[in-house]
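Colleague: Hi! Could you walk me through this model? I'm new to this, so plain words please.

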Amino acid sequence: MAKSKKTDEKEKEELSSEDSFKMDLFFWLQALVAALITLILLFTFVGRIIGVDGDSMYPTLHNGDLLLLQSVGYEPRQGDVVVLTKEFDASDGPIVKRVIAVGGQTVDIDYEAGTVSVDGQVLDEPYINPEEIMAPPSNYEHATHVEVPEGSIFVMGDNRNHSSDSRDVTLGAVDERYVLGRALWIILPFDHFGAIPDGTEG
């Protein structure tokens, strides 16, 4: 028995709707796979993601912030926020600090004046914790004058009175090979989301 014209039209609509759904699903799956591959390549060859542990970089960073790092092709610069993998007395895992000076520069720390100077110039540091005046660390032997060797960096936390950093003689100036990368973005939590300014951006 021949099908009616109305039945044929209904079947064509159903087939057309099903084909459209399949095509949409196919394209969405393609986009998802492409996005996943891009992310994997990005994090493998260009950057990494790492979490902040502690308050040594407050107010720039907070405990628990998740950071996107630039790893490949990065060369440390003064003012950058970096992640280091060198172990020392106060830490056995990655630490997040700010580059105060690079190889060939000289660092002088004046606790009475509450200032840090590089090559004789007092740094303008809008990123440090404004709630406290920098005091000499009491929990470790610290340096106040350092000549940074070539290929190394001198780092400090923005929360100076709650940071173990290059002032600690067990860490000191850090070989650049221990630098995992520069922290570029806070990606979580969303209320902290945004680019991380270097020391020149305020």
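Colleague: Is L25 buried, partly exposed or exposed, and what is its relative accessibility?

Modeller: L25 counts as partly exposed, at 42% relative accessibility. Buried means under 20% relative accessible area, exposed means over 50%, and partly exposed is in between, using a 1.4 Å probe and protein chains only. Keep in mind that this is a predicted model, where local features need pLDDT of at least 70, side-chain atom pairs count only at pLDDT 80 or more, and totals for chains, interfaces and linings use all residues. Residues are numbered from 1 along each chain as its sequence is written, and side-chain values use heavy atoms, with hydrogens and water left out.

Colleague: Thanks! Where is L25 found?

Modeller: L25 is in helix α1, residues 5–46. Helices (H or I, at least four residues) and strands (E, at least two) are DSSP runs, numbered from the N terminus.

Colleague: And which residues form a nonpolar patch with L25?

Modeller: F21, L29, L32 and L36 join L25 in a nonpolar patch on the surface, and together the patch has about 490 Å² of accessible area. Patches are made of residues with over 30% relative accessible area and no salt bridge; like charges are joined within 9 Å, and nonpolar side chains (Val, Leu, Ile, Met, Phe, Trp, Tyr) within 5 Å. Accessible areas come from the Shrake-Rupley method with a 1.4 Å probe, and for residues only the protein chains shown count as cover.

Colleague: OK, new topic. How many salt bridges does the structure hold?

Modeller: Six salt bridges. A salt bridge here is a side-chain nitrogen of Lys or Arg within 4 Å of a carboxyl oxygen of Asp or Glu. Side chains of opposite charge can pair when their charged atoms come close.

Colleague: What does R98 form a salt bridge with?

Modeller: R98 pairs with D158, and their closest N and O atoms are 2.8 Å apart. R98 lies in strand β4 (residues 95–102), while D158 is in the loop between β9 (152–156) and β10 (174–175), so the pair ties together parts that are 60 residues apart in sequence.

Colleague: Are those two buried or exposed?

Modeller: R98 is buried, with a relative accessible area of 1%, and D158 is buried at 0%. R98 also has an aromatic contact: its charged end sits over the ring of Y127, 3.8 Å from the ring centre. For that, NZ of Lys or CZ of Arg must be within 6 Å of the ring centre and within 35 degrees of the ring normal.

Colleague: What about D165 and D175, which residues do they form salt bridges with?

Modeller: D165 pairs with R167, with the closest N and O atoms 2.8 Å apart. D165 is buried at 0% relative accessible area, and R167 is buried at 0% too. D175 pairs with R177, again with 2.8 Å between the closest N and O atoms. Here D175 is partly exposed at 22%, whereas R177 is exposed at 75%. There is also a network of salt bridges linking R77, D80 and R182.

Colleague: Let's switch to strands. How many bridges join β2 to β11?

Modeller: Five bridges join strand β2 (residues 66–70) to strand β11 (residues 179–188), and the two run antiparallel. Two strands pair if DSSP finds at least two bridges between them. Within this pairing, L68 stands opposite W185 in β11.

Colleague: Which strands besides β2 are joined to β11?

Modeller: Strand β3 (residues 81–84) is joined to β11 by three bridges, running antiparallel, and V83 has G181 in β11 as its bridge partner. Strand β12 (residues 194–195) is joined to β11 by two bridges, also antiparallel. A hairpin through five residues joins β11 to β12, and W185 stands opposite A195 in β12.

Colleague: W185 keeps coming up! How many aromatic pairs does a search of the whole structure find?

Modeller: Two aromatic pairs. The rings of F26 and F27 have centres 5.7 Å apart and planes at 65°, so that pair is edge-to-face. The rings of W185 and F193 have centres 5.5 Å apart and planes at 40°, so that pair is tilted. Rings of Phe, Tyr and Trp (its six-membered ring) pair if their centres lie within 6.5 Å; planes under 30 degrees apart count as stacked, over 60 as edge-to-face and the rest as tilted.
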